[in-house]
Amino acid sequence: MEKLRVCFLGTGSMGSAVLEGLLASGHSKVLVSATTRSEASAKKFRDMGISAMATETVEEANQLMAGDADLIILGVKPYLISQVLEEIQGEIGKNAVIISMAGGITLETMAKGVPENPNLIRSMPNTPALVGMGVTAVAAASTASQAAIDAAMELFSKVGETILVEEKMINPLSAISGSGPGWVFYIIEQWEKIAIEQGFSQSDAKTLVRNTFWGSLELLKTSGEEPAELRRKVTSPKGTTERIIETFDGADLKGIFSAGLAAAVRRAEEIAKG
Ligand SMILES: NC(=O)c1ccc[n+]([C@@H]2O[C@H](COP(=O)([O-])OP(=O)(O)OC[C@H]3O[C@@H](n4cnc5c(N)ncnc54)[C@H](OP(=O)(O)O)[C@@H]3O)[C@@H](O)[C@H]2O)c1
């Protein structure tokens with residue numbers, strides 16, 4: 001891995017999180033390159049000592065930068081994946097490992113863009129990667145080599161945990177962990193709102209809710225106990241927590257979560273159809 005030339009095509013929030021994780025792990029800057037749409041974004045990477053080019057100033061930036069790369073990470077928005085693959089097709093090495101981070105773009109669609117490249121990988125990271133605590137799923141084309149899969153797994157391990165899944169699991173996984181930070185932040189938002197409705201100041205509501213969240217997660221991590229067990233410990237029979245859980249169960253909170261997941265999966269399937 002440390003000798004591989006790594007090129008990021010589209011280096012926005014997700015691409016730069018992975019790029020920075022890679023550099024933080026000691027990967028040599030001279031082996032890393034990046035492209036962006038705007039010159040301003042490209043300059044930011046050049047200021048960091050990374051070779052970077054913008055498509056708004058050099059139209060062929062993607063093919064020029066990816067040409068000699070061993071690992072190519074596609075960090076553009078999903079609607080641009082086919083265009084970028086078309087640009088680099090024929091310009092990159094046959095053994096280059098091509099890793100897409102785009103939601104809804106299948107390995108089959110990728111293969112149509114670069115039919116001569118067997119090492120195709122689809123990934124689904126999440127935004128905690130920005131602080132080195134992401135969860136990334138990796139799915140590989142049946143034509144991909146073990147070395148290609150290992151390289152992709154190692155790359156994302158620089159920004160958190162990585163799991164290998166079959167491609168059919170990517171859509172439900174996108175809803176669970178890809179969109180997961182959305183679930184968590186939404187719950188925190190609602191929780192803080194109801195604390196404020198009870199008369200707490202915004203600042204006190206933040207302290208109460210966020211510290212309850214962080215503290216509970218730390219307890220979960222350090223105790224080694226399962227969430228159900230830890231919950232039982234704060235739920236006295238006929239007590240107040242019991243009433244809260246009964247209310248949630250009565251409203252079928254699990255069913256609501258499940259419906260949210262199903263809606264996200266349907267949307268991912270729509271995106272895949274184009
Ligand atoms: N954010 C998430 O939670 C998340 C989670 C999982 C997967 N993803 C996937 O990750 C990918 C990137 O998402 P993001 O949130 O990082 O998006 P983003 O911040 O908007 O980054 C997109 C990057 O692509 C660049 N770009 C645009 N057109 C280009 C072109 N023709 N050639 C080369 N670069 C180009 C942009 O340049 P400028 O900087 O100049 O605009 C920017 O650097 C998406 O496919 C998304 O589905 C995102």
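Start with the lining of the largest cavity in this predicted model: its residues divide into 1 nonpolar, 4 polar and 2 charged. To display them, select Gln 89, Gly 90, Ile 92, Gly 93, Lys 94, Glu 116 and Asn 117. By class, Ile 92 is the nonpolar member, while Lys 94 and Glu 116 are the charged ones. The space they line comes to about 50 Å³. A search of the whole structure for cavities of 30 Å³ or more finds 1, and there is no second one of that size to visit.

Next, select residues 170-178, helix α7, together with residues 180-197, helix α8. The axes of the two helices lie 5 Å apart and make an angle of about 35°. For the contact itself, show side chains for Ala 175, Ile 176, Ser 177 and Gly 178 on α7. Facing them from α8 are Gly 180, Pro 181 and Trp 183. This contact has 4 nonpolar and 3 polar residues, and no charged ones.

Now zoom out to the whole protein and colour by secondary structure: 12 helices and 8 strands should appear. Along the principal axes, the C-alpha atoms fill a box of roughly 70 × 40 × 35 Å.

Switch to a surface view. The accessible surface of the protein is about 15,500 Å², with 57% of that area belonging to carbon and sulfur atoms. Colouring by burial, 37% of the 274 residues count as buried.

Finally, draw the contacts between residues with a separation of 6 or more: 56% of them join residues 24 or more positions apart.

Terms used:
Residues numbered from 1 in each chain as written. Predicted model: local features only at pLDDT ≥ 70, side-chain atom pairs only at ≥ 80, totals over all residues. Heavy atoms only, no water. 1 Å grid on protein atoms, 1.4 Å probe; cavity = no way out; pocket = protein on both sides within 12 Å on 5 of 7 lines; lining within 4 Å. Points joined across faces, edges and corners; volume = space filled by probe spheres on them. Axes fitted to C-alpha atoms, helices over the stretch in contact; angles between N-to-C directions. Helix = DSSP H or I, 4+ residues; strand = E, 2+ residues; numbered from the N terminus. Contact = heavy atoms within 4.5 Å. Buried < 20%, exposed > 50% of the residue type's maximum accessible area, 1.4 Å probe, protein only. Areas by Shrake-Rupley, 256 points an atom, 1.4 Å probe, with all protein chains shown as cover.
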